[in-house]
Amino acid sequence: MPELSRGRRRLILAICCMSLFIVGLDNTIVNLALPSIQRDLHASISSLQWTIDAYVLVLASLLMLAGSTADRVGRRRTFQTGLTLFGLGSLLCSVAPSAGWLIVFRMVQAVGGSMLNPVAMSIITNTFTDNRERARAIGVWGGVIGLSMALGPLVGGALVETAGWQSIFWINVPVCLAAIVLAARFVPESRSPRPRRLDPVGQLLVIALFAGLTYGIIEGPGHGWGSPEIIGCFVLAALAALGLAVYEPRRREPLLDLRFFRSVPFSGTILIAISGFAALSGYLFLNALYLQQVRGMSPLEAGLFSLPSAAITAILAPLSGRVVASRGARLPLIVAGIGLIASGLMLTQLDANWPIPLLLLPYVAFGIGFGTLNAPITNTAVSGMPRAQGGVAAAVASTSRQLGAALGVAIIGSAVTSHISGPYATGFTPASHLGWWIMTGCGGLVLAMGILTTSRWARRTADTAAATFSSEESRIAVTTP
């Protein structure tokens with residue numbers, strides 16, 4: 001690809017950030033709109049869980065496939081296809097006549113969303129060839145995540161209150177159209193000189209694992225944990241996991257290379273990503289219902305109360321990235337774990353009449369915890385890996401984030417739903433304490449894994465794993481004509 005001017009490179013970065021912004025904004029806004037969706041579409045709690053998880057599960061299942069597809073057929077083409085599907089899915093969501101159709105259309109959105117962020121990151125990596133300039137571009141990319149979280153509560157609250165929950169999907173359509181046109185005009189097409197082979201069997205096994213596990217958790221309270229349907233879901237998930245363990249090592253280019261897990265930093269970071277994003281999704285889910293259904297706040301008021309967490313996240317995210325670059329991932333991960341634990345412990349004492357100043361304390365603590373969490377995840381996952389394997393390791397870490405988000409809504413939502421007794425408005429708050437305890441446990445796991453994955457012993461295992469990949473790459477380079 002020919003060298004591009006600085007102005008064009010910046011424009012390409014802006015186009016890619018547009019996709020990240022609408023995806024990040026969409027996640028925050030939809031959580032805030034759940035009570036309105038429940039009221040207008042007469043949706044159950046499990047339907048609200050699926051409104052979030054159907055999107056996240058499809059996204060998580062297809063992230064690695066989208067990346068390899070873009071390398072093969074063209075990054076710009078895949079990016080534009082993702083924008084088209086995301087915009088179409090958003091438009092369909094806005095006219096959904098029932099909760100069931102909303103869930104289906106959210107899945108369409110997710111298919112498009114899976115082609116946006118990983119492919120956009122690949123476009124940025126190939127556009128900014130200078131290491132220092134690339135680092136600055138990725139820093140801007142990370143800042144957009146925080147900005148979307150900060151603006152999400154305000155934008156979502158205002159839209160839901162003034163124009164209804166449907167409007168949260170309308171705003172995606174013009175942004176997608178603009179990005180499609182701009183990408184066609186300014187983003188050059190690029191492909192990998194040696195794209196990874198597709199792995200349809202591995203892809204189906206990943207989908208079966210994620211779907212079976214999440215469906216069983218969400219629907220367990222309604223169907224009964226011992227019902228044949230729920231047991232069948234968990235058996236399907238277990239068989240899919242076993243299938244991955246047996247099948248993937250036999251492939252030359254597997255969808256999921258299990259040798260990555262020989263690196264303690266990589267394995268521990270997967271647990272950190274799942275735990276941290278489970279805490280985030282559970283926090284957003286429970287908080288939206290508490291503020292609007294129990295405290296009787298409007299969507300805009302609930303959005304304003306969510307602002308402290310989002311604003312602190314937006315401020316700390318880039319600072320955490322700088323600390324990771326200069327001092328390593330240990331300090332941000334320790335702060336993240338302590339922040340999530342502190343927030344969860346305070347919320348386990350939550351009642352329907354907490355004073356407003358007291359209510360803001362756990363929100364601030366959560367912002368501190370999550371604000372320092374995201375930056376070290378990818379850094380620790382790829383720590384010590386050869387550059388050729390860094391993109392795959394980062395993709396697995398991104399998939400783990402989405403899986404954690406799905407499991408957070410599924411586990412915490414089902415735990416709370418199972419313990420609601422009496423009227424919803426009065427029974428929700430005491431039942432939510434179990435959910436907050438689970439969030440506290442997620443914070444504890446982040447803290448423990450943060451210490452473990454940054455130890456000298458862990459770094460030695462990463463070096464050993466990296467040496468295995470490097471020797472194989474050398475062998476392939478020698479034997480490939």
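**Aromatic cluster**

I began with the aromatic side chains of this predicted model, and found that Phe277, Tyr283, Tyr363, Phe366, Phe370 and Trp436 form one aromatic cluster. I then looked up the number of aromatic pairs in the structure, which is 10. Of these I followed the one that Trp50 makes with Tyr215, a tilted arrangement with 5.8 Å centre to centre and 40 degrees between the planes. I noted that this pair links distant parts of the chain, since Trp50 sits in helix H2 (residues 45-73) and Tyr215 in helix H9 (residues 200-223), 165 residues apart. Trp50 has a relative accessible area of 14% and is therefore buried, the cut-off being under 20%. Tyr215, at 26% relative accessibility, counts as partly exposed.

Going back to the cluster, I looked at Tyr283 and Trp436, which pair edge-to-face at 6.4 Å centre to centre, with 65 degrees between the planes. This pair, too, links distant parts of the chain: Tyr283 belongs to helix H11 (residues 264-294) and Trp436 to helix H17 (residues 424-453), 153 residues apart. I checked the cover of each ring-bearing residue in turn: Tyr283 counts as buried at 2% relative accessibility, and Trp436 is buried with a relative accessible area of 2%.

**Helix H11**

Having met H11 through Tyr283, I looked up its span: 31 residues reach 43 Å from the first C-alpha to the last, close to the 45 Å expected at 1.5 Å a residue. I recorded H11 as mostly covered, with 27 of its 31 residues buried. Just after H11, I found Gly296 with a positive phi of about 70 degrees.

**The chain as a whole**

I next stepped back to the protein chain, which has 18 helices and 0 strands. Buried residues make up 54% of its 481 residues. I asked how the contacts are spread in sequence, and found that, of the contacts in the protein chain with a separation of 6 or more, 84% come from residues 24 or more positions apart. The accessible surface comes to about 19400 Å², and carbon and sulfur atoms hold 67% of it.

**Helices H2 and H3**

I returned to H2, the helix that carries Trp50, and looked at how it packs with helix H3 (residues 75-94). The angle between H2 and H3 is about 150 degrees, and their axes are 8 Å apart. Because angles over 145 degrees count as roughly antiparallel, I entered H2 and H3 as roughly antiparallel to each other. On the H2 side I listed Tyr55, Ala66, Thr69, Ala70, Asp71 and Val73, which meet Arg75, Arg77, Thr78 and Phe86 in H3.

H3 itself has 20 residues and reaches 29 Å from its first C-alpha to its last, close to the 28 Å expected at 1.5 Å a residue. I looked up its buried residues, which include Arg75, Thr78, Phe79, Leu83 and Phe86. The buried residues of H3 pack against several helices, among them helix H1 (6-41), H2, helix H4 (99-113) and helix H5 (117-127).

**Ser19 and His42**

From H1 I picked Ser19, which lies in that helix and counts as buried at 1% relative accessibility. Leaving aside neighbours within four places in sequence, I found Ser19 in contact with Phe79, Leu83, Leu116, Asn117 and Ala120. Of its partners, Phe79 and Leu83 are among the residues I had already noted as buried in H3.

I then went on to His42, which is placed in the loop between H1 and H2. I noted its phi, near 55 degrees, as a positive value in a residue other than glycine. I set this beside the general rule that most residues other than glycine have a negative phi. His42 is exposed, with a relative accessible area of 73%.

**Leu300**

My last entry concerns Leu300, which is placed in helix H12 (residues 299-327) and counts as partly exposed at 30% relative accessibility. I looked up its C-alpha separation from Gly156, 144 residues apart along the chain, and found 7.4 Å. Leaving aside its neighbours within four places in sequence, Leu300 is in contact with Leu154, Gly157, Ala158 and Glu161.

Key: Residues are numbered from 1 along each chain as its sequence is written. This is a predicted model: local features need pLDDT of at least 70, side-chain atom pairs count only at pLDDT 80 or more; totals for chains, interfaces and linings use all residues. Side-chain values use heavy atoms; hydrogens and water are left out. Rings of Phe, Tyr and Trp (its six-membered ring) pair if their centres lie within 6.5 Å; planes under 30 degrees apart count as stacked, over 60 as edge-to-face and the rest as tilted. Helices (H or I, at least four residues) and strands (E, at least two) are DSSP runs, numbered from the N terminus. Buried means under 20% relative accessible area, exposed over 50%, partly exposed in between (1.4 Å probe, protein chains only). The expected span of a helix is 1.5 Å times one less than its number of residues. Contact means heavy atoms within 4.5 Å. Accessible areas come from the Shrake-Rupley method with a 1.4 Å probe; for residues, only the protein chains shown count as cover. Axes are lines fitted to C-alpha atoms, for helices over the stretch in contact, and angles run from 0 to 180 degrees between N-to-C directions. Angles under 35 degrees count as roughly parallel, over 145 as roughly antiparallel, 65 to 115 as roughly perpendicular and the rest as oblique.
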